[in-house]
Amino acid sequence: HENTGLQSQPPAEEQNYGATAAHVRQGPFVSVSRTTPAKNEYLIAAVLCYANLINFMDWFIVPGILLDIQKYFKLSDGGTGLLQTVFILCYMLAAPIFGYLGDRYNRKIILGAGIFFWSSVTLGSSFINELHYWIFFLLRGLVGIGTASYSTIAPTIIADLFEEGKRTTMLSIFYIFIPVGSGLGYVLAAGMADATGDWHWAFRVTPCMGGVALVLLILLVPHRTQRRTAAHRALSISGTIRVAAEKPGVRRTAKTTWCQDVISLARNWSFVWSSLGLTAMAFVTGALGMWVPVFLYRAQVVQGIVPPCLRESCNSSNSLIFGGITIGTGILGVIAGAEAARRLRKINNKADPLICATSMFISALCLYIALMVAQTNILSTFIFIALGELFLSVNWAVVTDILLYVVTPRRQSTAIALQILVSHLLGDAGSPYLIGTISHAIQDKNAHSFQWSFWSMQYSFIVCSFVGVCGGAFFLLTSFHIEEDRKEVER
């Protein structure tokens, strides 16, 4: 009998699937049957990847036309940074709620409602005029709530569809669409603004794509997706699963409360330190994603490469180039990270956090160099920004895979939701606003000029390099605990 609504599901440990349903009668070693054909699994994953693409396109439409929005609503650097902060705050506050629902209720219904909601609100935000900027801020916050439902639940469905060997590969493909979608968000926003002469049209494309995603979700994704147990996850790669025969008087794992889940996760040091490392990544990527096109524009004005933007529609070439960089470095970075993790795990059980730590240190150095050469050589600035983004992208799939093997399956939606909450609360929820506020404060203390407009942004960006180094240190701390925590989950 399939769920027909948002009905409560028993915890993963209490559900039996395929051959495991007969383990009481058949003994301790039973083959795992696959209840979903391979083609269907890949088709479901493709739908989820497509929706993830739209999800992150919506995130980065605003940074792609930031100069136009800043001029249209007459916002300072601090006020402009607050626009992304409102979006991220609503996103992160909604994430734990959807994590709770995703662990207990029908995930397909939650995903479908989220896609419909954020697409509708994005379309609505394209009709706001300059007198009602506060409505535009509010609608961006509502988009954040809608996207939280998707980002929290979709990775757990992919994790349940594939065994351990394929899981890393499929998650890598899923997370490739973070930088690809982010880059396409810049390209879409800048392209539509240039083509129509009106930045509002940038918000009218992704809702149509969201409608297609919703139809595909309804038609192709099963109403009830299989949840693998911890035993399935640990041993299914070998094709057999060891299940202890039930005996009279042996109790099943008790259903835990949300508070108990949180307490358990807080004692999981691999989860804690890797989440703080992800927080540093989010801080840097949030600040870069919001402000790099504006920073490049100001550097070019100082060098005399482009004139100051005094027209109704500003030059969007920096957004187009940065979008292309984000797509290219994202794809290369995620693939390189997954491949490096796959190879190095064979020789070092701590490979995953060590890869993340190394890439964070290198990224911080590249970003610092990019800031230092921006006033004299714009080409070198693009190159080092690209390298910084490349090494940041190395970590996306690896960090998620760390979570999936150091946290038991029945707590994974909650763990992802908490990781989203922490990483955004201390990361990209505040970094765009912080960078903008520091820049605005420096400008206020000095003569208003194009030179100080550039310097203020340059000085405020140095914070990102420092945070990147801290992120590398957090991943190093993760490496001290990861072997013990992984073994605990497998037990």
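## Exercises on a predicted helical model

In helix α6, the buried residues are Arg107, Lys108, Ile110, Leu111, Gly112, Gly114, Ile115, Trp118, Ser119, Val121 and Thr122. Keep in mind as you work that the model is predicted.

**Exercise 1. Find what surrounds α6, what caps it, and whether its length fits its residue count.**

Solution. Start with the neighbours: the buried residues of α6 pack against α2 (38-59), α5 (77-104), α7 (133-161) and α9 (206-220). Next, look at the N-terminal end, which asparagine 106 caps. One of its side-chain oxygens lies 3.1 Å from the backbone nitrogen of lysine 108. Finally, check the length. Helix α6 covers residues 107-124, which is 18 residues, and at 1.5 Å a residue it should span 26 Å. The end C-alpha atoms are 26 Å apart, so the expected span and the model agree.

**Exercise 2. Describe how α12 packs with α13.**

Solution. Take the geometry first: helix α12 (residues 269-303) and helix α13 (residues 317-344) pack at an angle of about 130°, and their axes are 9 Å apart. That angle makes α12 oblique to α13. The handedness comes next, and the crossing of the two helices is right-handed. Now list the residues that meet. From α12 come Leu288, Gly289, Val292, Pro293, Leu296, Tyr297 and Gln300, and from α13 come Asn318, Ser319 and Phe322.

**Exercise 3. Work out the surroundings of histidine 424. Is it buried or exposed?**

Solution. Locate the residue: histidine 424 sits in helix α17 (residues 412-428). Its relative accessible area is 8%; buried means under 20%, so histidine 424 is buried. Then turn to its side chain, which makes a polar contact of 2.4 Å with the side chain of aspartate 428. Leaving out residues up to four places away in sequence, histidine 424 touches Trp59, Ile88, Tyr91, Met92, Ala429 and Gly430.

**Exercise 4. Pick out what is unusual about the phi of lysine 74, and say where the residue lies.**

Solution. Begin with the general expectation: most residues other than glycine have a negative phi. Lysine 74 has a phi near 55°, a positive value in a residue other than glycine. For its place in the chain, look at the loop between α4 (66-73) and α5. Lysine 74 is exposed there, with a relative accessible area of 72%.

**Exercise 5. Summarise the whole chain: how many helices and strands does it have?**

Solution. Count the elements: there are 20 helices and 2 strands. Then consider burial, where buried residues make up 56% of the 491 residues. Last, take the contacts with a separation of 6 or more: 86% of them are between residues 24 or more positions apart.

Note on methods. Residues are numbered from 1 along each chain as its sequence is written. This is a predicted model: local features need pLDDT of at least 70, side-chain atom pairs count only at pLDDT 80 or more; totals for chains, interfaces and linings use all residues. Side-chain values use heavy atoms; hydrogens and water are left out. Helices (H or I, at least four residues) and strands (E, at least two) are DSSP runs, numbered from the N terminus. The expected span of a helix is 1.5 Å times one less than its number of residues. Buried means under 20% relative accessible area, exposed over 50%, partly exposed in between (1.4 Å probe, protein chains only). Contact means heavy atoms within 4.5 Å. A polar contact is a pair of N or O atoms within 3.5 Å; within protein, one must be able to donate a hydrogen and the other to accept it, and residues adjacent in sequence count only if both atoms are side-chain atoms. Axes are lines fitted to C-alpha atoms, for helices over the stretch in contact, and angles run from 0 to 180 degrees between N-to-C directions. Angles under 35 degrees count as roughly parallel, over 145 as roughly antiparallel, 65 to 115 as roughly perpendicular and the rest as oblique. A crossing is left-handed if the near helix is turned anticlockwise from the far one by less than a right angle, and right-handed if clockwise.
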